[in-house]
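Here's a quick briefing to read with the model open beside you. Keep the viewer handy and click along as the topics come up.

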Amino acid sequence: MRKFIAAAVLAVVAATGLSACSSASDPNVLKIGTEGTYAPFSYQEGGTLTGYDVEVARAVGEKLGKQVEFVQTPWDSIFAGLESKRFDLVANQVTVNPERTAKYALSQPYTTSEGVIVTKSDNTSITSLASLAGKTTAQSATSNWSKVASGAGAKVEAVEGFVQAVQLLKAGRVDATVNDTLAVGEYTKKTGDTGIKIAAQTGETSKQAFAARKGDTALIADVDKALEQLRADGTLARLSEKYFGTDVSK
């Protein structure tokens with residue numbers, strides 16, 4: 001009878017896809033949510049996930065003595081994934097702002113950058129952030145740059161990422177896109193695209209950090225210690241130079 005019951009339980013497990021092991025997360029694994037489509041921070045190269053954020057995250061995991069497991073997730077659902085505990089951290093150029101500071105536990109910044117406005121190369125109507133008033137921009141809906149654009153009076157059309165924004169821009173469906181100068185620089189360097197240009201600066205300096213759930217302060221404290229060690233031993237500077245030719249970790 002016991003054998004029959006055991007066999008029945010195993011059959012249910014197999015049929016439902018449940019694990020016979022504990023459902024608790026492995027304390028030796030650090031799960032990290034990232035896009036995998038946002039070069040040079042998180043992207044695929046030769047079928048392998050890489051990028052500045054990815055390498056920094058792996059280095060943090062090494063300092064913590066944890067195996068890092070990445071969960072690729074579209075940006076506009078990445079915080080929902082964090083809140084539903086699909087992963088422990090977000091490593092995807094999360095800009096530090098008051099709203100996120102209130103809602104999430106944020107690490108110390110590991111990137112500092114500037115915002116820029118990108119237009120078609122022949123556009124002369126946009127020369128400043130104020131020029132976006134009444135214009136249409138393409139942005140990831142939940143990104144910091146979406147807030148910057150809408151705050152300047154632009155109508156925002158939601159896209160999945162920067163490449164799609166550029167496609168809409170070049171097709172004449174939007175007037176501009178606002179993004180990080182590092183991402184824009186990487187795109188133009190890799191593609192040689194002369195159809196777009198940086199038309200203006202936003203005037204904002206942004207700092208990017210890892211994000212965890214609000215209650216995970218112990219995890220963020222450990223991540224901060226790891227980042228301090230990586231800053232002290234030169235790892236952050238080395239990775240910055242590798243991807244950007246300058247130290248953006250200051």
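Right after helix α7, Gly192 takes a positive phi of about 65°. Keep in mind that this is a predicted model. From that glycine we can work back through α7, then on to the rest of the chain.

**Helix α7 and its surroundings**
- Helix α7 covers residues 181-191, and its buried residues are Leu182, Ala183, Val184, Glu186 and Tyr187.
- The cover over those buried residues comes from several parts of the chain, including β2 (37-38), β8 (111-120) and α6 (162-170).
- Also among the covering elements are β11 (177-180), β12 (196-213) and α9 (235-244).
- At the N-terminal end of α7, Asp180 acts as a cap, with a side-chain oxygen 2.6 Å from the backbone nitrogen of Leu182.

**Ser113, a partner of the capping residue**
- Ser113 sits in strand β8.
- Is Ser113 buried or exposed? Its relative accessible area is 3%, so Ser113 counts as buried.
- The side chain of Ser113 makes a polar contact with the side chain of Asp180, at 2.4 Å. Asp180 is also the residue that caps α7.
- Setting aside neighbours within four places in sequence, Ser113 is in contact with Asp180, Leu182, Glu204, Thr205, Ser206 and Gln208.

**Helix α2**
- Does the length of α2 add up, and what should its 13 residues span? At 1.5 Å a residue, residues 52-64 should span 18 Å, and the end C-alpha atoms are 18 Å apart, so the two agree.
- The buried residues in α2 are Tyr52, Asp53, Val54, Glu55, Val56, Ala57, Ala59, Val60 and Gly61.
- Following α2 comes Gly65, and its phi is positive too, near 70°.

**The small-numbered strands**
- Strands β2, β3 and β4 make an open sheet in the order β2-β3-β4, with antiparallel pairing.
- β2 and β4 (48-50) are the edge strands, each pairing on one side only.
- β2 and β3 (residues 42-45) run antiparallel and are joined by two bridges.
- Look for Ser42 in β3, which is the bridge partner of Tyr38.

**The largest pocket**
- The largest pocket has a volume of about 450 Å³.
- Which of its 28 lining residues are closest to the centre? They are Glu35, Tyr38, Ser140, Glu160 and Gly161.
- At least two lining residues each come from β2, β6 (89-95), β9 (136-139), α5 (144-151), α6, β11 and β12.
- Tyr38 therefore turns up in two places worth clicking on: it is among the residues closest to the pocket centre, and its bridge partner is Ser42.

**Out on helix α8**
- Ala218 belongs to helix α8 (residues 217-232).
- With 54% relative accessibility, Ala218 counts as exposed, because the cut-off for exposed is over 50%.
- Ala218 and Lys170 are 48 residues apart in sequence, and their C-alpha atoms are 46 Å apart in space.

**The chain as a whole**
- The chain holds nine helices and twelve strands.
- Its C-alpha trace spans about 80 × 45 × 40 Å along the principal axes.
- Of the 250 residues in the chain, 47% are buried.
- Among contacts with a separation of 6 or more, 69% join residues 24 or more positions apart.

Conventions
Residues numbered from 1 in each chain as written. Heavy atoms only, no water. Helix = DSSP H or I, 4+ residues; strand = E, 2+ residues; numbered from the N terminus. Expected span 1.5 Å × (residues − 1). Buried < 20%, exposed > 50% of the residue type's maximum accessible area, 1.4 Å probe, protein only. Contact = heavy atoms within 4.5 Å. Polar contact = N/O pair within 3.5 Å; in protein donor to acceptor, adjacent residues only side chain to side chain. Pairing = 2+ DSSP bridges. 1 Å grid on protein atoms, 1.4 Å probe; cavity = no way out; pocket = protein on both sides within 12 Å on 5 of 7 lines; lining within 4 Å. Points joined across faces, edges and corners; volume = space filled by probe spheres on them.
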